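Me: I'm new to this structure, and I keep tripping over the terms. Could you take me through them?

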Amino acid sequence: MTDLKTETSERISEIVNKDDVVLFMKGTPLFPQCGFSSRAIAILDHCNVAFGSVDVLQDMEIRQGIKAYSDWPTIPQLYVKGEFVGGSDIMMEMFEDGELLQLMNEKQVAKAED
Ligand SMILES: N[C@@H](CCC(=O)N[C@@H](CS)C(=O)NCC(=O)O)C(=O)O
Ligand code: FES
C-alpha cells in the first residue's frame, strides 16, 4: 500500500522530470493568480525557454507536497532538469546577474518555440 505522501512525491518527481523547465505556480502562464508567480513567468519569458507549469491552486496535494519535496515553503518554485532552483526572489537575483541564463545554457534546456 502506498500512502498519500509517497504517491504525491512520486507524482511530483514525474512532473519535474517530464519537462526541462517546470514552474510550480499559482494560476497559469497567461493568467497568473499572484504577483510572485507573475514575476517568475516574466523571468522565464525573458529567458526564452520552453517550460511546463503546474497550477498549485488546482491541486492541494501538489501545493503542500511540493513544499516538502523541495524543502522550500512558498510558491512559485522553479525546477530545471529535475533540480530545484528556487523561488521568485532567487530567480530574479540569478536572472539579473546572468546566472539563470548560464544555468539554462549549461543544462542545455530547450528554447521556447516562436
Ligand atoms: N519570497 C518568495 C515569495 C513567494 C511567497 O511568499 N509565496 C507565498 C504567497 S503566494 C506562498 O506560497 N505561501 C504558501 C501558499 O500559498 O501555499 C519568493 O521568493 O518566491
Ligand atoms: S497569492 Fe497572495 S501573495 Fe501570492
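What follows is a short chat about the terms and where they apply.

Reply: Sure. This is a predicted model, where local features need pLDDT of at least 70, side-chain atom pairs count only at pLDDT 80 or more, and totals for chains, interfaces and linings use all residues. Residues are numbered from 1 along each chain as its sequence is written, chains are lettered from A and ligands numbered from 1 in the order in which they are written, and side-chain values use heavy atoms, with hydrogens and water left out.

Me: Why is Gln 77 called buried?

Reply: Buried means under 20% relative accessible area (exposed is over 50%, partly exposed in between; 1.4 Å probe, protein chains only). Gln 77 has a relative accessible area of 0%, so it counts as buried.

Me: What makes the link from the side chain of Gln 77 to Trp 72 a polar contact?

Reply: A polar contact is a pair of N or O atoms within 3.5 Å; within protein, one must be able to donate a hydrogen and the other to accept it, and residues adjacent in sequence count only if both atoms are side-chain atoms. The side chain of Gln 77 reaches the backbone oxygen of Trp 72 at 3.2 Å, so the pair falls inside that cut-off.

Me: Which residues are around ligand 1?

Reply: Among them are Lys 26, Phe 36, Arg 63, Lys 67 and Asp 89. To count as near, a residue needs one of its heavy atoms within 4 Å.

Me: How do you know that Lys 26 has a polar side-chain atom by an oxygen atom of ligand 1?

Reply: The distance is 2.5 Å. For Lys 67 the value is 2.5 Å too, and for Arg 63 it is 2.8 Å. The protein also covers 75% of the 500 Å² of accessible area that ligand 1 has on its own, by the Shrake-Rupley method with a 1.4 Å probe; for residues, only the protein chains shown count as cover.

Me: What makes a set of residues a nonpolar core?

Reply: They must be buried Ala, Val, Leu, Ile, Met, Phe, Trp, Tyr and Cys residues joined through side-chain atoms within 4.5 Å. The largest one here has 18 residues, and Val 21, Leu 44 and Val 80 are among those with the most contacts inside it. H2 gives the largest share, 5 residues. A second, separate core of 10 residues includes Phe 24 and Tyr 79.

Me: Why might nonpolar side chains be buried together?

Reply: In soluble globular proteins, they tend to be.

Note on methods:
Helix = DSSP H or I, 4+ residues; strand = E, 2+ residues; numbered from the N terminus.
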